[in-house]
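Trainee: I'm new to this one and would like a close look at a single part of it. Could you put it up and walk me through it?

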Amino acid sequence: MEPYSRNVFYYETDCMAIVHNSNYLRIFEEARIDHMKQSGAPYDVMEERGIKIPQIEAHVKYKNQMKYGDIFEVHVKLEKITGARVRYSYEITVPARNASIAEGWTEHCFVDKKLNIPVNLKRKLPDMYEAMETHI
């Protein structure tokens with residue numbers, strides 16, 4: 001899988017000219033959506049087919065700073081998937097500085113879009129489950 005990559009936008013920085021800590025979970029989300037697309041289980045298709053994936057837990061360890069204009073990469077790994085939950089890990093790097101910026105993980109559950117109740121992805125959308133499972 002290719003890492004997710006883009007440059008830091010000015011609006012993501014704070015008064016100290018570094019990326020504000022709240023943006024790291026947004027960056028994780030962007031990278032996760034990209035990873036799902038690359039794995040053959042695009043999130044927009046999953047939603048169209050009636051499944052949402054709310055985040056239920058998250059952790060970020062800040063190791064270094066990113067600044068406006070930095071080009072970063074996010075290396076995403078699907079750590080674990082069950083019928084009911086999925087867990088991703090992330091590492092953000094700035095290759096030009098050979099810097100590890102942050103690492104963390106998020107956990108999500110699968111929910112029926114209309115009923116807003118937990119569902120088993122393996123039973124509800126087995127093709128999507130299999131596409132994701134092959135990338136562990």
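Which residues of H1 are buried? And what is going on around that helix?

Mentor: Bear in mind that this is a predicted model. In H1, the buried ones are Asn23, Tyr24, Ile27, Phe28, Ala31, Arg32, His35, Met36 and Ser39. There's a general pattern worth having in mind here: an α-helix has 3.6 residues a turn, so residues three or four places apart point the same way. Try reading the buried residues with that in your head, going from Tyr24 to Ile27 and Phe28, then on to Ala31.

Now for the helix itself. H1 covers residues 23-39. Its 17 residues should span 24 Å at 1.5 Å a residue, and its end C-alpha atoms are 24 Å apart, so the two agree. Just past H1 comes Gly40, with a positive phi of about 90 degrees.

What does H1 lie against? It lies across S1, S3, S4, S5 and S6, and it runs at about 70 degrees to S6. Those strands make up an open sheet, ordered S1-S4-S5-S6-S3, with antiparallel pairing. At the edges sit S1 (4-7) and S3 (55-62), each of which pairs on one side only. From one strand to the next, the twist averages 20 degrees. If you want to zoom in on one seam, S3 and S6 run antiparallel and are joined by 7 bridges; Tyr62, for instance, has Ala102 in S6 as its bridge partner.

H1 has company, too. Helix H4 (residues 126-133) lies across S4 and S5, at about 120 degrees to S4.

That brings us to the packing. In soluble globular proteins, nonpolar side chains tend to be buried together. Here the largest nonpolar core has 36 residues, and the ones with the most contacts inside it are Met46, Met66, Ile92, Phe110 and Met132. H1 supplies at least two residues of this core, and so does each of H2 (43-48), S4, S5, S6 and H4.

To see how H1 ties into its surroundings, click on Met132. Among the residues Met132 touches are Met36 and Ser39, both of them on your list of buried H1 residues. Met132 also touches Ala41 and Met46, as well as Leu78, Ile81, Val86, Tyr88, Phe110 and Leu121, leaving aside residues up to four places away in sequence.

One last stop is the loop between S1 and H1, where you'll find Tyr10. Tyr10 is exposed, as is Tyr68, and their rings form an edge-to-face pair, 5.6 Å centre to centre with 90 degrees between the planes. Tyr68 lies in the loop between S3 and S4, so this pair ties together parts that are 58 residues apart in sequence.

How values were computed: Residues numbered from 1 in each chain as written. Predicted model: local features only at pLDDT ≥ 70, side-chain atom pairs only at ≥ 80, totals over all residues. Heavy atoms only, no water. Pairing = 2+ DSSP bridges. Helix = DSSP H or I, 4+ residues; strand = E, 2+ residues; numbered from the N terminus. Axes fitted to C-alpha atoms, helices over the stretch in contact; angles between N-to-C directions. Contact = heavy atoms within 4.5 Å. Expected span 1.5 Å × (residues − 1). Buried < 20%, exposed > 50% of the residue type's maximum accessible area, 1.4 Å probe, protein only. Core = buried A, V, L, I, M, F, W, Y, C linked by side-chain atoms within 4.5 Å. Phe/Tyr/Trp six-rings, centres within 6.5 Å; stacked < 30°, edge-to-face > 60°.
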